[in-house]
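Please examine the model shown below. The paragraphs after it proceed from the overall fold to one helix and then to the core.

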Amino acid sequence: MRSELYRGMFLSVTEDTSNKVTDYSELSNKSFQIFEYWIYSNQIKNEIEITQEIINEIQIGIDYFQLNQTNPNLFDLLIKKFNIQNQIQIENQNQNQKSSEKCSIF
């Protein structure tokens, strides 16, 4: 439903194409898992850490998989999650730095 590529593949299965292997080598395992989960659930797994590399791969993959970018939009959600992860990381670093400064005072 969310991927024109897969819809076309499932609707045009013949004996000649039923054993065809598709090459997804441009995508890392994590990126492919994001797409796979997104296509079936319209969600992003919480436990997946989003990196700039994954975001770059997702940009390529959205066109490759011919995703229907409905709401919520996969790329927008990934960017949002990436920004939240970075903000949490910065806050944690600030807390660690404050804790280190307190320890050095004593």
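How many helices and how many strands does the chain have? In this predicted model, the chain has four helices and zero strands, and from the N terminus on its elements run α-α-α-α. Of the 106 residues in the chain, 25% are buried. The chain exposes about 7900 Å², of which carbon and sulfur atoms supply 51%. Among contacts between residues at least 6 apart in sequence, 73% join residues at least 24 apart.

Helix H2 serves as a detailed example. This helix spans residues 29-41, 13 residues in total, and reaches 18 Å from its first C-alpha to its last, close to the 18 Å expected at 1.5 Å a residue. Its buried residues are Ser 31, Ile 34, Phe 35, Trp 38 and Ile 39. Because these residues cover an arc of only 125° around the axis, they lie on the same side of H2. Asn 29 and Tyr 40, on the other side of H2, are exposed. After H2 comes Asn 42, whose phi is positive, near 65°.

Attention now turns to the core. The largest nonpolar core has 17 residues, and those with the most contacts inside it are Ile 34, Phe 35, Ile 50, Ile 58, Leu 67, Leu 74 and Leu 78. The elements that give two or more residues to this core are H2, helix H3 (52-64) and helix H4 (74-105). Ile 58 can be followed individually: leaving aside its neighbours within four places in sequence, Ile 58 is in contact with Ser 31, Ile 34, Phe 35, Leu 74, Phe 75 and Leu 78.

Terms used: Residues numbered from 1 in each chain as written. Predicted model: local features only at pLDDT ≥ 70, side-chain atom pairs only at ≥ 80, totals over all residues. Heavy atoms only, no water. Expected span 1.5 Å × (residues − 1). Buried < 20%, exposed > 50% of the residue type's maximum accessible area, 1.4 Å probe, protein only. Arc of directions from axis to C-beta. Core = buried A, V, L, I, M, F, W, Y, C linked by side-chain atoms within 4.5 Å. Contact = heavy atoms within 4.5 Å. Areas by Shrake-Rupley, 256 points an atom, 1.4 Å probe, with all protein chains shown as cover.
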